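Got a structure open and wondering where its labels come from? Let's take a few of them one at a time.

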Amino acid sequence: MNCERAEELALMREDGEVAPAEAREFAEHVEACVACAEFAVVARRLEWALRASALPELAPDEVEFAARGVTRRIRRRVVLRRGGFAAALAAAVIACALLWSREDAPTKPDAVVEVLPQVAPRSAPPAELPRRDEPAPATDFGPPLAAEVDPELAGERERARATFADAAAPDFAMRADVESFALAVDASIGVERARTDAWLRQVEGLLRDGDALVAARAARYLGVRGDRRSVAPLVRSTARAALVDATAAALVDLAVNVPTALAAALNEPASRDLALDRAAANGLAGVAVVDALREVREVRAEQWATALARVGSNELGFVVALVARGSVPLDVLGDTLAARGFDGAELAKLASASRGGDADVWLELFARAPVADAVPWLVESLFDKRRREAAARALGALDDDAGLEEALDATVHGRARRADLATILRTRAEHAPEALARFARSLVERGTSYDSAGERTETLVEALIETESAACASALAPLACARSSPPESRLLALEALSEHGSEPAALALADAFGDFTRREKRLAAVALVAIRRHGGDAALDRALAGFADAERRPIRDLLSRRAFSSAVTVQLARLLEARLPDEADRRFDSRITP
């Protein structure tokens, strides 16, 4: 029998309309359910009050008006834990039925009990109404209807309170400690009783106890023995400052069996850190904590980090979906990925299977936490107009030379734009400029066997120049000096080094200056301009180590001019023509005379 049917029978029982079989079921239910027992007591008191009243015969319109008055009065005076409105309506119906059917009611005027308000028939002229600017007269509804308290029920409540007041208070550091405490309480009251719904409702009532210690112990007990109906009483207990921590811990313990309790535990900012630690101690899934945390407000970044730190790699897909909907901050998840050692292959698999907003989130995450295994998917994303810029940033964030060759090949074959390659190189140069230089040298070392038509070298030189970054100058130097590079690309690289060079690039050019031949005199002249402009006199002396003093002096004079022009370049080339060797493999030094 459920509680709704029990309330109906409680009202019908007073009129003798309950069958014997249902009466037995009703008695068993009332013994187990405290709320229904209280409802039955109130229903009986209402019946007694109506039977004790001696009311005269009333007109039908007066009965209707009186019934509404009874309903209003019961609503205001009788407070039930459950089914308050149903009880008021049922009592009004009983009152109307009794008023209509009672023929043998006493008619003594002094036996009338003031239960119904004194009203005039509808046919009577209305009394003078108060003016709008005057306050309405106060209505006297009489004293409230006192509910009868079952002595046995009161005794059970007192024994329950004594059980928690006298119980030993263990250290509730772990949920197992709370479980031991609950087992001790169950043994003291009897295991059979502890398993009933009525017992849980009694314990929930102890949350309002004036003794904070008793209320706190009741809360911890409900954390391991409560059900979904225990969530609301525990949440209301957070209004008491002395119970905030105990209630938060109890709600987290309850979340092991009732997942909805976790969001309620994290809702209170004062105890949120404690609840997060408790969730970790209880072994709750990290994704469950993140899902509950997104339902509360004013979550600090460190609290998000605590929750995300326990998310597994197989749960990242769900978390990324939450980020795409704006429920979880992207920067905190990115920092979490960077700090934790997730399997790169698994992350790349999740990213390649993503679509829409989830794919955009993965690109941003890889820009914050680079994953080398995701290079094929990132290069493929360069072909997507919506995602090419984010994919370029993610490729640029990788370490060493990872992804550079794949991005260069995609650009050469038209699957990516040169501007995207420039973005990759610029981003890589900001944190790993030496990686670009190594990649350029490896391209030169492989020579024509790898780049027979010079397309890769030409594309790389143009992309490096497009970055307009001094950090990329170190990668231009080996390309500018390599004889395997197309002459046009070498000239472009040297001119770029002259405009946007750096001291390391100038020193690299100085070391490779001896590889220029007489046929490359114009390239050598532009190289000297770059060396002098960005490396100074020390780098220039390093480049001209094989020149005599008489040969160095006119070169120095030309390079000391403030304004460099094409005429200066032509004059430098003429001076170098007589000094540079004819053969590519011939190096000159101070021991060789022209």
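What follows is a short round of questions and answers.

This is a predicted model, where local features need pLDDT of at least 70, side-chain atom pairs count only at pLDDT 80 or more, and totals for chains, interfaces and linings use all residues. Residues are numbered from 1 along each chain as its sequence is written, and side-chain values use heavy atoms, with hydrogens and water left out.

Q: Why is there no disulfide between C36 and C33?
A: A disulfide is a pair of cysteine sulfur atoms within 2.5 Å. The closest cysteine sulfur to that of C36 belongs to C33 and sits 3.6 Å away, so that's too far for a bond. The whole structure holds zero disulfides.

Q: What makes C36 count as buried?
A: Buried means under 20% relative accessible area (exposed is over 50%, partly exposed in between, with a 1.4 Å probe and protein chains only). C36 has just 2%, so it's buried.

Q: How do you know that C481 is buried?
A: Its relative accessible area is 13%, so C481 makes the cut too. C481 is one of the buried residues in helix 27, where eight of the nine residues are buried.

Q: Why is helix 16 called oblique to helix 18?
A: The two helices pack at about 45°, with axes 10 Å apart. Angles under 35 degrees count as roughly parallel, over 145 as roughly antiparallel, 65 to 115 as roughly perpendicular and the rest as oblique. Therefore helix 16 is oblique to helix 18.

Conventions: Helix = DSSP H or I, 4+ residues; strand = E, 2+ residues; numbered from the N terminus. Axes fitted to C-alpha atoms, helices over the stretch in contact; angles between N-to-C directions.
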